[in-house]
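Here are my notes on the model you sent. They are set out as numbered points.

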Amino acid sequence: MITVFGSINVDLVLKCAKLPQCGETVLAHASFIAPGGKGANQAHAAARLGATVHLVGAVGNDAMAETALSLLKVAGVDIGCVAQFDGTTGCASVAVSDAGDNQIIVASGANAQVTAAMLPDSLLATTQLLVLQMELPFAATHDALTRARAAGVKTMLNNAPALALPLATLRLIDVLVVNEGEFAVTVGALEGEAFDGVESQLTALARAIGATVVLTRGEHGVWATTAQGELHKVAGHVVQAVDTTGAGDTFCGAFAVAMVDGFSLVQTLAQANACAALACTEWGAQAAQPTRVALNTWLQEAKFNSKSIASKSMNTQTNG
């Protein structure tokens, strides 16, 4: 079972020809409102692939709360540990260009009130993997990691939005997932060390924190280094990107499912990479996330060998 300790938002998505520069106003040619938030997105992605998922987080007591939770309910995510606080639900303004690039501003709302105490001991005791991001307060995330380590529960942290995390926090993690910008911030924890390129940095960080470090590189694929210094590279997929919003969250959710199911690291990277690529071909964060059936169909149509990344059944439930 996967437990996600994370943020829940509503996204206001604005489609525009190009993203604005500083001080520039551009006209959007379309808009829509959709569920979002890194925690919710990652929980939804994992549930769409058939995993049993619990989400711990918070919404406000406003009208946006129902929208924020709507697709999670449809996907079968257990939201019994989602609290409702006085005030607003977290929200994000998402500008998406016709090229599929985005700019995002997030207002935390109820997410700012989440604490690690909201993660029940009983839930932690049955959790195989605790998934976290950085849209909740740092103290809450650090405390949840500490409790998981004490309970012997594996953890995966997506350092997004990127924060310069102390080594003490990073050493509580079993898997760290970052994109290239987030990696540049995270590797700053290794102060005073000299490196010969990104691979050297990746290996040094993985060894220093005793965890697997996963570096996502968009269409250029994904690299990962284990705590033992083993480097793995998986090629990317070239797709016609419509909207990249939530692609990283889709990657994390898919990675979590494959990890819990006992896939090898290379298989896990391949599955997560394919899910993220497929999610870029549709609008929205959660709405674009693939089911197991959709993923396998897409891989077959793309003439990729899906047998290696679908050799173990996640769960017969596809949640739509």
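1. The four-stranded sheet. This is a predicted model. One sheet in it is open, has 4 strands with mixed pairing, and follows the order β3-β2-β6-β7. The edge positions are taken by β3 (28-36) and β7 (102-107); each has a single partner strand, so one side of each has no neighbour in the sheet. From one strand to the next, the twist averages 15°.

2. The β6-β7 pair. β7 is paired with β6 (residues 90-97) in the antiparallel sense, and the pairing comprises 6 bridges. Within this part of the sheet, A95 is placed opposite Q103 of β7.

3. The helix across the sheet. Helix α2, residues 64-75, lies across β2 (9-16), β3 and β6. Its direction makes an angle of about 75° with β3.

4. H44. This histidine belongs to helix α1, which spans residues 38-48. Is H44 buried or exposed? Its relative accessible area is 3%, and H44 therefore counts as buried, the cut-off being under 20%. Apart from neighbours within four places in sequence, H44 has contacts with L71, L72, A75, V77, Q286 and Q289.

5. The α9-α10 packing. Helix α9 (residues 265-279) packs against helix α10 (residues 292-301) at about 90°, and the two axes are 10 Å apart. The two helices are therefore roughly perpendicular, a term that covers angles of 65 to 115 degrees. On the α9 side the contact is made by Q271, A274, C275, A277 and L278, and on the α10 side by R292, A294, L295, W298 and L299. By residue class, this contact has 8 nonpolar residues, 1 polar and 1 charged.

6. Overall dimensions. For 320 residues, a compact globule would be expected to have a radius of gyration near 20 Å; the value for the protein is 18 Å, which agrees. Along the principal axes, the C-alpha atoms fill a box of roughly 50 × 45 × 45 Å.

7. Whole-chain figures. The secondary structure of the protein consists of 10 helices and 13 strands. Buried residues make up 52% of the 320. Where contacts join residues at least 6 apart in sequence, 67% of them are between residues at least 24 apart.

Key: Residues numbered from 1 in each chain as written. Predicted model: local features only at pLDDT ≥ 70, side-chain atom pairs only at ≥ 80, totals over all residues. Heavy atoms only, no water. Pairing = 2+ DSSP bridges. Axes fitted to C-alpha atoms, helices over the stretch in contact; angles between N-to-C directions. Contact = heavy atoms within 4.5 Å. Parallel < 35°, antiparallel > 145°, perpendicular 65-115°, else oblique. Nonpolar A, V, L, I, M, F, W, Y, C, P; charged D, E, K, R; others polar. Rg over C-alpha atoms; globule rule 2.2 N^0.38 Å. Buried < 20%, exposed > 50% of the residue type's maximum accessible area, 1.4 Å probe, protein only.
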